[in-house]
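User: I'm new to this, so please take a close look at the empty spaces in this one and walk me through what lines them. Plain language is perfect.

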Amino acid sequence: MDFGVTRETFGALSPLLVLVGGGILVLLAGAFASLSSRALAALTLVVQGGAVISVLFYAPRFYGDYLRGAFLLDPYGCFGALLRLAVAAATTVLSVRTVEDLSMKAEYFSLLLFAAAGGTAMLWTRDLLIIFLGLETLTIASFILAGYFRADRASTEGSLKFFLNGAFAAALLLYGIALLFGATGSTRIPEIAKLLPAAQSPQWLLLWLGGTFVVVGLLFKMAVVPFHAWSPDVYQGAPTPVAGFLSVGSKAAAALVLLRFLTETFPEGDRWHTPLWILAVATMLYGNLCAIPQMQLKRMLAYSSIAHAGYLLVGILALGELTREAVLVYTVAYGFMNLGAFAAVLAFERVQPGGIRDASLENLRGAGYRAPFLGAVLALFMFSLAGIPPTVGFVAKYYLFAAALKEGFVGLVVLAVVATAVSLYFYLRVVVYLYMHEPEGGEEAPSLAPGLAVTLGVCALGTLAFGVFPSRLLEWAAWAVWG
């Protein structure tokens, strides 16, 4: 049987092959050589760097369909892949100290590479089965990474809850794909979209039911209310670099796939507007209101992450030309500011008796004076997450809300602005603890590893530079949408 494998196929899929091959290589390196966490992280970064070079300079020569339409290489997929690889690379750097005392260091870094491969695969396809396989590769790797502190009860509990939640989402997604296949005889998005206008009952019913299950499965991955159950527990228990990876990488990948599915399968999807409108409002308000009483930084950022899924949903449901660009801009902005915030939390964490890692607001009393760099960048990320100028968070929110207004979602944008105003309280409270509370006696400045300092610097630079000069980011988003 001819599967349509050519030399161009290997070229087009080279980033995926690099990531999978690199994951196996890291695993073997750990099995046959006693490498330190620094050496394993360096090897992982080399693999991720090879994948980035392949996406930037090699893959664009091969835009098109491969393996009988199973994979699609286009600017949109490349944009998403670069974002995922950047998040995975930052997580690798942040993880060096976190895993140096653990016994399965190589497995940890290889799982990061497999997760990146899964996330890339689901963005490089219009086939729902490949999306499912990519999503499950990403999710299974994430289950394991979330529970990597096996001696920590919170980590194990979070991983188990993540597994149960993910299994339910996977079942819904697969059931939706089965219904769509039953209605159309295909799992390819273009073929499903082609049959939709002429569909008659009961085929029409199967199409909409199948589409609903697929959308709900992806909303689970984004942690949209009411599909957010246990997200704060997962973030609380997971190693902090993994929590940052989940909050940015997994959420962005699911959002970009949902955007592609809705715009290409149901471009006239007025029937989605009302339920998605309600979910977007509920998610924004619930995430921001629940973040207010939180004293643990990771738990506060978990609820903040739920709220930001609601902001992304504002752009996704509008299904307009500008909103597609706005969603891409928002994912990049969110990557810089939220990953930076988790990196700062990692620096402020204290190890409690029993190996439990704790980062509370109380740790931040006067920290802006005893650790000026850390305090300044954490304050910058809080300003950006709140949407205060001149940061990339302000640009992303402004661009997203303006695009939704243009599509006529006035009420939704008003409520999004109200939710943003609510969020000011808990984001600015962090700054108050940094600079307006008396420091605790005898506290020393947290030590800053070189990798952590570089990650914080890059995230801070991106947060500020794209806030002051956003034109380049807007051009990249337009290129990804229009080619």
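Analyst: Let's sort the residues first: Ala, Val, Leu, Ile, Met, Phe, Trp, Tyr, Cys and Pro count as nonpolar, Asp, Glu, Lys and Arg as charged, and the rest, Gly among them, as polar. You're looking at a predicted model, where local features need pLDDT of at least 70 and side-chain atom pairs need 80 or more, though totals for chains, interfaces and linings use all residues. Numbering starts from 1 along each chain as its sequence is written, and side-chain values use heavy atoms, with hydrogens and water left out.

Now for the closed spaces. There are three cavities of 30 Å³ or more in the structure (on a 1 Å grid over the protein atoms alone, a cavity is a set of points where a 1.4 Å probe fits but cannot get out, and lining residues have an atom within 4 Å of a point). The largest cavity holds about 290 Å³ (the space filled by probe spheres set on the points, which are joined across faces, edges and corners). Its lining is made of 21 residues, and F162, F220, K221, S231 and S250 sit closest to the centre. Two or more residues of this lining come from each of α6 (128-146), α7 (153-184), α9 (203-222), α10 (231-237) and α11 (240-265) (helices are DSSP runs of H or I, at least four residues, numbered from the N terminus). The top contributor to the largest cavity is α7, with five residues. The lining itself is a mix: twelve nonpolar, six polar and three charged residues.

Next, an open space: the second largest pocket contains about 770 Å³ (a pocket being an open set with protein on both sides within 12 Å along at least five of seven lines). This pocket is lined by 27 residues, and closest to its centre are L82, L83, A86, V87 and F336. At least two lining residues each come from α3 (37-58), α4 (75-99), α14 (321-348), α19 (450-468) and α20 (471-482). Here α4 gives the most, with nine residues.

So what kind of residues line the second largest pocket, by class? Its lining has 25 nonpolar residues, two polar ones and no charged ones. Set that beside the largest cavity, where three charged and six polar residues join the twelve nonpolar ones. When you turn the structure around, try finding α7 for the largest cavity and α4 for the second largest pocket, as each gives the most to its lining.
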